[in-house]
Amino acid sequence: MQHLTDIASLNSDSVTRLFAIADSLRKAMPARPLAGVTAVNLFYEASTRTRAAFELAAKQLGADVINLQSQTSSVIKGESLVDTFHNLCAMGIRLFNVRHPKVGSSHQLAELAPDGVHIINAGDGVHAHPTQALLDAYTLSKNLGDLTDKVIVIAGDLRHSRVARSNIALLNMLGAREIRLAAPQEMQISPAPAGNIIEYSDLDSATAGADAIMMLRIQRERITEMEIPDALTYHRQWGLTKGRLATASADCKVLHPGPVNREVEISSEVLDGPQSLVLQQVQFGVFVRMAVMLEMLRPGYELNSVEC
Ligand code: CP
């Protein structure tokens, strides 16, 4: 894998291998396999989980890490993304974890990348967030096993969500039995994505009998064309409450990519409850990102070289 710009960079075999590497890394860490590599977290949007997870993952593998945020870099003096990229390449940086509001920005850098330089998309506008989808699918498979007989709901502001788009693509690739997309009409993805999709315009119908429910926040920072719903009204209609969760399968798992807006898309009772995997997603996100970095920078890395 040269770059990870969206789920199309992967296939089911490469996902299986990434998950196996993540499993091994959770058992024991190899001794600094990325020593001598410098990675940059090049972030043009706010982040807590993704930026911290990339930094931790790279450092635990022995890489050096630079964090560059647009607000405190020469971006505010007018330097373009591409010029910033070329300058960082000139310093010998080999791995770019890039978050940018423009759709296709990671793909653009991947096209320009010299040999030996790798791009991981850490979120580009509404388009893709592939490492989030990988960590979500990894968390689901660790808790539910084989996904081919599972019903998975993704609910909330789908239209403005790169997480939803990447999850839909990856769950389809992994053969999930049914992907239910539930959203108010103005937050649905149009046209509807291809695959094993069923669309719902109310949450109660979508959650009935589900094996997992992934809730999404209203992504205010990307909403320009519609009014932001009132939080209380939205919660009544679209919030995942204990009552709604009770209509799902008895052991239904609850996911959320974060950041969470409590009592808007999800109640605190559900978020902090026994069926929630939200903090496990965050924990596994570090290992999944380590696996991606290893596959890129040490391709064919021998799993049995990991000290288990
Ligand atoms: N899930 C996610 O991308 O969170 P951050 O925006 O905090 O990185």
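Here a colleague asks a modeller about the ligand, the largest pocket and some backbone features of a predicted model.

Colleague: What should be known about the model before its values are read?

Modeller: The model is predicted, so local features need pLDDT of at least 70 and side-chain atom pairs count only at pLDDT 80 or more, while totals for chains, interfaces and linings use all residues. Residues are numbered from 1 along each chain as its sequence is written, and side-chain values use heavy atoms, with hydrogens and water left out.

Colleague: Which residues are around the ligand?

Modeller: With a heavy atom within 4 Å of a molecule as the criterion, the residues are Ser47, Thr48, Arg49, Thr50, Arg99, His129, Gln132, Pro257 and Gly258. By class, this shell has one nonpolar, six polar and two charged residues, where Ala, Val, Leu, Ile, Met, Phe, Trp, Tyr, Cys and Pro count as nonpolar, Asp, Glu, Lys and Arg as charged, and the others, Gly among them, as polar.

Colleague: What makes the approach of glutamine 132 to the ligand a polar contact?

Modeller: A polar contact is a pair of N or O atoms within 3.5 Å, and an N or O atom in the side chain of glutamine 132 is 3.0 Å from a nitrogen atom of the ligand, so the pair qualifies. Backbone N or O atoms also approach a ligand nitrogen, at 2.8 Å for proline 257 and at 3.2 Å for glycine 258. The protein covers 91% of the 250 Å² of accessible area that the ligand has on its own, by the Shrake-Rupley method with a 1.4 Å probe.

Colleague: Where does the ligand sit, and what lines that space?

Modeller: The ligand takes the space of the largest pocket, a molecule being placed in a pocket if more than half of its atoms lie within 2 Å of its grid points. A pocket is an open set of points on a 1 Å grid over the protein atoms alone, where a 1.4 Å probe fits, with protein on both sides within 12 Å along at least five of seven lines, and lining residues have an atom within 4 Å of a point. The largest pocket holds about 370 Å³ of space and is lined by 21 residues, of which Arg99, Arg162, Arg217, Gly258 and Pro259 lie nearest its centre.

Colleague: Which peptide bond involving proline 259 is cis?

Modeller: The bond joining glycine 258 and proline 259 is cis, with omega about -5 degrees.

Conventions:
Polar contact = N/O pair within 3.5 Å; in protein donor to acceptor, adjacent residues only side chain to side chain. Points joined across faces, edges and corners; volume = space filled by probe spheres on them.
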